[in-house]
Amino acid sequence: MEDNSRDVARGYEPPPKDRGFSIGKIVKWGGLAVVILGLGTCVWTFAGLFKDMTDRAEASRQFVEQVSTTGLPPASDPIYAESAGVTDEQLQNLQALINAYGNPTSVGEPSCSAKTGTDMGGSYSYADCHMTTVLPNTTGFIDVTWTRENEEWKLYRYYHHVDDPDARLDAPEPPADE
């Protein structure tokens, strides 16, 4: 215990220790509770995004495999997001491009990132997956973007890039040197 005899001799007594509730204690503990809730929410959100990225990576790999074996599904397929506005004509043009360069002989592991937020249109969630590809005559990559609609992941965008546009399977052979 602290010796405060000199303070008492001068007429000063320290205030009694308050064991009850005070505004300062309420603010301190309330602030701590808000911080803990905030951190918990961040951890919960991050865990959900990580699971979404893992799920979308596998779905992207499967979709690319499906496109390589059976082609793109028709625009009426429920895999497509309504907000993407996919038409059969767009899909036929994309399939013709894919066919012109050939199906990938090798596809790298998907690398995905997820984004979620809220704007004036409401909340949104996207997952972008990127895969490198080796095609018969060139290399390239495929980007698959997913979005959440009605609590389900739907395909929003499928981008098939080739590094050498002249490497088409149907390209004429270059003339032989004489």
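These questions and answers concern a predicted model.

Q: Why is histidine 160 called buried?
A: A residue is buried when its relative accessible area is under 20%. Histidine 160 has 8% relative accessibility, so it counts as buried. Its place is in strand 5.

Q: What does histidine 160 touch?
A: Leaving out residues up to four places away in sequence, histidine 160 touches Leu94, Leu97, Ile98, Leu135, Phe141 and Ile142. A contact here is a pair of heavy atoms within 4.5 Å.

Q: What makes a set of residues the largest nonpolar core, and which members touch the most others?
A: Such a core consists of buried residues of the types Ala, Val, Leu, Ile, Met, Phe, Trp, Tyr and Cys, joined through side-chain atoms within 4.5 Å. The largest one has 17 residues, and Phe63, Leu72, Val144, Trp146 and Tyr158 touch the most other members. At least two residues each come from helix 2 (23-70), helix 3 (88-101), strand 3 (122-134), strand 4 (139-149) and strand 5 (152-162). Helix 2 gives the most, with four residues.

Q: Which residues does phenylalanine 63 touch?
A: Residues up to four places away in sequence are not counted; with that condition, phenylalanine 63 touches Leu72, Pro73, Ile79, Tyr80, Leu155 and Tyr158.

Q: Why is the contact between glutamate 58 and arginine 61 called a salt bridge?
A: The rule asks for a side-chain nitrogen of Lys or Arg within 4 Å of a carboxyl oxygen of Asp or Glu. The closest N and O atoms of glutamate 58 and arginine 61 are 2.5 Å apart, and the two form a salt bridge. They are three residues apart in helix 2, so about one helical turn separates them.

Q: How do you know that arginine 61 also forms a salt bridge with glutamate 65?
A: Here the closest N and O atoms are 3.2 Å apart, and the cut-off is 4 Å. Arginine 61 and glutamate 65 are four residues apart in helix 2, which means that about one helical turn lies between them. An α-helix has 3.6 residues a turn, so residues three or four places apart point the same way. Glu58, Arg61 and Glu65 are thus linked in a network of salt bridges.

Q: Why are glutamate 58, arginine 61 and glutamate 65 called partly exposed?
A: Partly exposed covers what lies between under 20% and over 50%. Glutamate 58 has a relative accessible area of 34%, so it is partly exposed. Arginine 61, at 29%, is partly exposed as well. Glutamate 65 has 47% relative accessibility and therefore counts as partly exposed.

Q: What makes lysine 154 and glutamate 152 a salt bridge?
A: Their side chains meet at 3.9 Å, N to O, and the cut-off is 4 Å. Lysine 154 is at 14% relative accessibility and so counts as buried, whereas glutamate 152, at 46%, counts as partly exposed. By this rule the count comes to four salt bridges.

Q: Why is strand 4 called largely enclosed?
A: Eight of its eleven residues are buried, so the rest of the structure largely encloses strand 4.

Q: How do you know that strand 4 and strand 5 pair?
A: Pairing needs at least two bridges. Strand 4 and strand 5 have ten, in the antiparallel sense. One of the partners of these strands is glutamate 152 in strand 5, bridged with glutamate 149. The two strands form a hairpin with two residues between them.

Q: What is notable about phi in asparagine 150 and glutamate 151?
A: Most residues other than glycine have a negative phi. Asparagine 150 has a positive phi of about 55 degrees, and phi of glutamate 151 is positive too, near 65 degrees. Asparagine 150 is found in the loop between strand 4 and strand 5, as is glutamate 151.

Q: Why are asparagine 150 and glutamate 151 called exposed?
A: Exposed means over 50% relative accessible area. Asparagine 150 is at 71%, so it counts as exposed. Glutamate 151, with 66%, is therefore exposed.

Q: How do you know that the length of helix 3 agrees with its number of residues?
A: At 1.5 Å a residue, its 14 residues should span 20 Å, and the end C-alpha atoms are 20 Å apart, so the values agree. In helix 3, Leu91, Leu94, Gln95, Ile98, Ala100 and Tyr101 are buried. Glycine 102 follows the helix, with a positive phi near 90 degrees.

Conventions: Residues numbered from 1 in each chain as written. Predicted model: local features only at pLDDT ≥ 70, side-chain atom pairs only at ≥ 80, totals over all residues. Heavy atoms only, no water. Buried < 20%, exposed > 50% of the residue type's maximum accessible area, 1.4 Å probe, protein only. Expected span 1.5 Å × (residues − 1).
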